[in-house]
Amino acid sequence: MSQAQTQDAGREGSAPARTPRWRGPGIWRRGVVVAAVAVVLGLIMLLHAELPNRVGNLGSLTETFLPWLGLLVPVLLVAALLRRSATALIALLLPAVAWVNLFGGLLTDKTGKGGDFTVATHNVNAENPDPVSTARKVAASGADVVALEELKPEAAPVYEKALADTYKYHSVQGTVGLWSKYPLNDARPVDIKMGWTRALRATVESPRGPVAVYVAHLPSVRVKFNAGFTAGQRDNSAEALGQAISREPVKKLVLLGDLNGTMNDRSLAPVTSQLRSAQGAAGNGFGFSWPAGAPMARIDQIMVRGVEPVSAWTLPATGSDHLPVAARVKV
């Protein structure tokens, strides 16, 4: 047998060349399940406002933690790469683009300089073991106006004494209070349909003119296995608060408080549709405030109307399960 015949025989007996796994029709057939999950995830982000609230307030629950759905995108990306699936990789563009569209603006630092009116708000926690230290930490923010929520009757005098040196004027209505370096006028409770006082409004006579300041602590929400996201009372209070704000004659307005909901939660629309989030307009990042140990949502809000947010931030932890939040605005 000649050398050429030997080489031909060797070639005839060799195994056929393998097609690389990133080539051929298989890359489109593999990873269909991963692709389907990616599409569903993207549709939830894009159409979250259409999720029904009739069953366990599913829509509001999803919207409360909506930013965290983005963590599923890198997980699905790894799965798509392991499956070597072009279909899954293309499908992943939907949730990735949807998340960037919803929250990409929060990833940039929009903090500005200037401003002439600093405000802060803090749910101090009724079971706070050290209210004096908490009051001093909030006052150290340099805020001109401080709102406190969840004040127990026996604890309110402690906060009043601890803040007296910094804030000459204050008003406590029920379980919420407002402390100010500037005179307060027309301080009164706001009825948010709870049966007891958890909201107030007052006019702060700032050097740049009057500012209506609202302090509110909306009812808590719970996630229950048998009932879903129970937020009915919170939603009713949000409606009442929104009506009060809509009737406010003072053009410059600041809302401070624990609303037990995020800006994405459609049930807070009676309030959020009228006001602008200081964190969203002038913050750096998401500004999560609860729970203090590992913040997952911003339910403590500073919202404004008729004034320009310049910067917004969270303050260091106190003895509460919430972080204080602050903002500086231009009146």
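This passage walks through the predicted model of the protein, from its overall make-up to its sheet, its cores and its aromatic pairs.

To begin with the whole chain, the protein has twelve helices and 14 strands. Of its 331 residues, 48% count as buried. The accessible surface comes to about 16000 Å², and carbon and sulfur atoms account for 59% of that area. Contacts in the protein often reach across the sequence: among those with a separation of 6 or more, 68% are between residues 24 or more positions apart.

A good place to start looking is an open sheet of six strands, in the order β5-β6-β7-β10-β12-β11 and with mixed pairing. Strands β5 and β11 (276-277) stand at its edges with a single partner strand each, so one side of each has no neighbour in the sheet. Moving inward from β5, the reader meets β6, which pairs with β5 in the antiparallel sense over four bridges. Here Arg188 has Arg201 in β6 as its bridge partner. Strands β6 and β7 then form a hairpin with two residues between them, and their antiparallel pairing extends over eight bridges. Within this pairing, Ala199 stands opposite Ala216 in β7. On to β10, the sense of pairing is parallel, with six bridges joining β7 to β10. Ala216 also stands opposite Gly257 in β10, so following Ala199, Ala216 and Gly257 is a handy way to trace a path across β6, β7 and β10. Strand β7 is mostly covered, as eight of its nine residues are buried. Helix α10 (residues 232-246) packs on the sheet and touches β7, β10 and β12. The direction of α10 makes about 170° with that of β7.

Other strand pairings involve β14 (325-330). Strand β1 (residues 117-123) pairs with β14 in the antiparallel sense over five bridges, and in β14 the bridge partner of Val119 is Ala327. Strand β13 (residues 308-314) is also antiparallel to β14, with six bridges between them. In that pairing, Pro309 has Val329 in β14 as its bridge partner.

The interior comes next. In soluble globular proteins, nonpolar side chains tend to be buried together. Here the largest nonpolar core has 25 residues. Those with the most contacts inside this core are Phe117, Val119, Val145, Leu178, Val254, Leu256 and Ile302. Strands β1, β2 (145-149), β4, β6, β7, β10, β12 and β14 each supply at least two residues of the core. Ile302 gives a view of the surroundings: leaving aside neighbours within four places in sequence, its contacts include Val119, Val254, Leu256, Arg276, Val325 and Ala327. A second, separate core has 21 residues, among them Ile192, Leu218, Val250 and Leu259.

Gly261 offers another point of interest, in the loop between β10 and α11 (269-272). With a relative accessible area of 1%, Gly261 is buried. Not counting residues up to four places away in sequence, Gly261 touches Arg234, Leu268, Arg298, Ile299 and Gln301. The C-alpha atoms of Gly261 and Asp300 are separated by 7.9 Å, while the two residues are 39 residues apart along the chain.

Finally, the structure holds six aromatic pairs. In one of these, the rings of Trp99 and Phe286 have their centres 6.3 Å apart and their planes at 55°, so the pair is tilted. Trp99 lies in helix α7 (residues 93-103) and Phe286 in the loop between α12 (278-282) and β12 (300-305), so the pair ties together parts that are 187 residues apart in sequence. Trp99 counts as buried, at 17% relative accessibility. Another pair joins Phe117 and Tyr182, with ring centres 6.4 Å apart and planes at 20°, so this pair is stacked. This pair, too, links distant parts of the chain: Phe117 is in strand β1 and Tyr182 in the loop between β4 (176-180) and β5 (184-189), 65 residues apart. Both Phe117 and Tyr182 are buried. Ring pairs also link Trp68, Trp99, Phe103, Phe286 and Phe288 into a cluster.

Definitions and conventions. Residues numbered from 1 in each chain as written. Predicted model: local features only at pLDDT ≥ 70, side-chain atom pairs only at ≥ 80, totals over all residues. Heavy atoms only, no water. Phe/Tyr/Trp six-rings, centres within 6.5 Å; stacked < 30°, edge-to-face > 60°. Buried < 20%, exposed > 50% of the residue type's maximum accessible area, 1.4 Å probe, protein only. Core = buried A, V, L, I, M, F, W, Y, C linked by side-chain atoms within 4.5 Å. Contact = heavy atoms within 4.5 Å. Pairing = 2+ DSSP bridges. Areas by Shrake-Rupley, 256 points an atom, 1.4 Å probe, with all protein chains shown as cover. Axes fitted to C-alpha atoms, helices over the stretch in contact; angles between N-to-C directions.
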